[in-house]
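Work through the exercises below with the sequence and the model side by side, and try each task before reading its solution.

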Amino acid sequence: MQKIFLYNTLTRKKEEFKPINDGEVGLYACGPTVYNFAHLGNLRAYLFEDLLKRTLQYNGYKVKHVMNITDVGHLTGDMDMGQDKMEKGAARDGKSAWEVAEFYTEAFKKDLRVLNIVEPSIWCKATDNIPEQIAMIITLEEKGFTYKTSDGIYFDTSRVKDYNKLSHLDLETLREGARVEKNEEKKNPTDFALWKFSPVGVKRQMEWESPWGIGFPGWHIECSTMSLKFLGDQLDIHCGGIDHINIHHTNEIAQSEAATGKKFFNYWMHGAFLNIAGGKKMAKSADNFLTLDKVFTENNLNPLAYRFAALQTNYRKPMEYSEEAIAWAASSLTGLYEKIIALGREIGIIDENYKHKFLEKINDDLNFPEALAVLHEVLKSDLSPADKLATVSDFDLVLGLKLGNFKSFINNEIVAEESEYVKYIFGLKEKRDLARAQNNWLESDKIRKEIADNGFEVKDDANGSRLIPFDYHKIFTEPNGFKYDYINGDLYVNKTNNVVIFEEFLIFSDWRNAWPVLFRKYDNVKYFFNNNISETDKLDIYKRYWN
Ligand SMILES: [Zn+2]
């Protein structure tokens with residue numbers, strides 16, 4: 001295995017990555033607080049994490065990726081004052097806090113899909129893990145790290161020796177930062193809430209019984225609890241945005257190490273901000289709250305252009321947002337697609353020299369700007385078009401720009417996660433193939449019928465059997481004049497309403513062959529994006545299938 005070097009915030013050094021268990025990586029990424037849409041700045045962090053994960057996978061590691069959904073406990077102040085973000089969102093949207101969480105969780109997952117970010121292996125919600133959080137607070141209490149104030153149970157940071165080891169700030173600076181949110185009862189400004197009491201006389205929408213009274217967990221405790229619960233001892237890499245360093249991650253480390261007596265994660269990695277041209281950080285305030293939909297979809301721009309733009313800047317450097325930069329990225333990406341389409345469809349052999357060069361760049365703390373340069377070198381080289389295509393398709397396993405031919409995805413872990421439904425359907429297909437091979441026509445017909453009941457037609461040809469969803473005919477014959485024969489993309493089946501949805505996944509793969517291997521477990525995918533149809537038609541389909 002090649003060496004990978006990653007910048008570790010904890011040591012402030014680029015270090016050779018060494019996982020705890022050979023060949024496996026436990027990766028924890030702090031997820032969204034689901035009270036509003038994610039903005040482009042938030043999404044940049046998830047792009048960075050996706051590139052990290054794909055780099056590890058490309059190197060042959062099996063990555064267990066856990067992401068939490070903060071659906072309770074995150075207050076408008078990063079410390080422990082202010083309003084609960086969920087209840088605030090609920091009041092704003094006229095919904096319950098639970099509905100708000102559900103709605104924005106789905107919106108977030110949709111954003112990830114649109115950006116071709118591989119889903120985490122495990123999603124976990126703070127509200128699904130309340131007893132575990134309470135248990136950790138009890139442990140901290142037993143070990144003498146907590147105290148009680150009138151509004152909650154707090155962690156005493158003065159009991160921790162190296163509280164500033166992640167931020168590398170002197171304690172006085174950390175204390176100053178913490179004093180912004182005044183709380184007279186705290187022993188030290190940096191102390192933080194583990195459990196907050198529901199205000200007297202107020203019935204909160206989200207609250208639970210605890211040994212200390214009815215209330216809700218503080219924000220930081222959820223990530224400590226869930227990373228330990230889902231990763232166990234596999235605490236390799238913990239990531240988030242740089243805004244997490246001084247408070248959230250610092251507190252996660254303090255309480256986790258206090259509770260377990262062991263080191264909490266070996267590598268801490270942080271993605272830099274997206275700034276609005278002029279240097280202002282993108283925030284959820286009205287004027288610069290830019291979402292993927294607002295910037296891309298509503299302007300008929302390919303949202304992958306954002307991914308492409310993010311690849312041009314090192315993840316540790318601030319990235320600048322401007323309309324010009326986005327327009328440039330969109331047209332450059334289209335230019336790249338055109339070059340690749342011009343290579344034809346024949347797939348040759350991956351060029352090992354270029355692969356090695358590419359690997360060296362991405363393994364050097366995710367140096368994607370230079371990795372992209374290698375991609376351009378390949379396209380300009382004197383390799384045959386078929387070998388270029390093979391090499392570029394291989395790089396795209398990491399880049400995720402949908403450049404490649406589908407063949408490079410077959411048998412790849414990145415798309416190997418199948419839903420129970422897909423397993424079931426393909427299980428039936430295999431059973432039928434076997435029955436046919438044994439000339440057991442009665443059995444094969446019976447299974448064909450069962451497959452049909454599940455919405456698929458079986459087609460037999462020289463290459464074996466294929467499954468064609470019935471709904472695909474329905475969509476194809478809709479009276480809107482789309483030339484579906486030219487569509488290249490994935491097919492997804494939505495089990496709930498049995499609608500087949502297309503996604504422009506790989507711009508020139510032959511969907512007739514490609515789709516069975518590209519099934520994924522996205523039961524709620526409802527979007528349709530394709531470069532080969534007109535912008536107006538795209539918008540029309542988008543409106544009808546993606547709402
Ligand atoms: Zn977190």
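A crossing of two helices is called left-handed if the near helix is turned anticlockwise from the far one by less than a right angle, and right-handed if it is turned clockwise. The model used here is a predicted one.

**Exercise 1.** Describe how helix α6 packs with helix α7, giving the angle, the distance between the axes and the handedness.

Solution. Begin with the geometry: α6 (residues 219–231) and α7 (residues 245–260) pack at an angle of about 55 degrees, and their axes lie 9 Å apart. This angle makes α6 oblique to α7, and the crossing is right-handed. Next, inspect the contact, where residues of α6, including Trp-219, Ile-221 and Leu-228, meet residues of α7, among them Ile-247, Asn-251 and Glu-252. Classified by character, the residues of this contact divide into 5 nonpolar, 7 polar and 1 charged.

**Exercise 2.** Determine the strand order of the sheet that contains β8, and identify the helix that packs on this sheet.

Solution. The open sheet is formed by 4 strands in the order β6-β7-β8-β9, with antiparallel pairing. Its edge strands, each pairing on one side only, are β6 (146–148) and β9 (215–217), while the twist averages 25 degrees from one strand to the next. Within the sheet, β7 (residues 152–155) and β8 (residues 192–197) pair over 4 bridges, and Gly-152 has Lys-196 in β8 as its bridge partner. Finally, helix α4 (residues 130–142) packs on the sheet, touching β6, β7, β8 and β9, and its direction makes about 120 degrees with that of β8.

Definitions and conventions: Residues are numbered from 1 along each chain as its sequence is written. This is a predicted model: local features need pLDDT of at least 70, side-chain atom pairs count only at pLDDT 80 or more; totals for chains, interfaces and linings use all residues. Side-chain values use heavy atoms; hydrogens and water are left out. Two strands pair if DSSP finds at least two bridges between them. Helices (H or I, at least four residues) and strands (E, at least two) are DSSP runs, numbered from the N terminus. Axes are lines fitted to C-alpha atoms, for helices over the stretch in contact, and angles run from 0 to 180 degrees between N-to-C directions. Contact means heavy atoms within 4.5 Å. Angles under 35 degrees count as roughly parallel, over 145 as roughly antiparallel, 65 to 115 as roughly perpendicular and the rest as oblique. Ala, Val, Leu, Ile, Met, Phe, Trp, Tyr, Cys and Pro count as nonpolar, Asp, Glu, Lys and Arg as charged, and the others, Gly among them, as polar.
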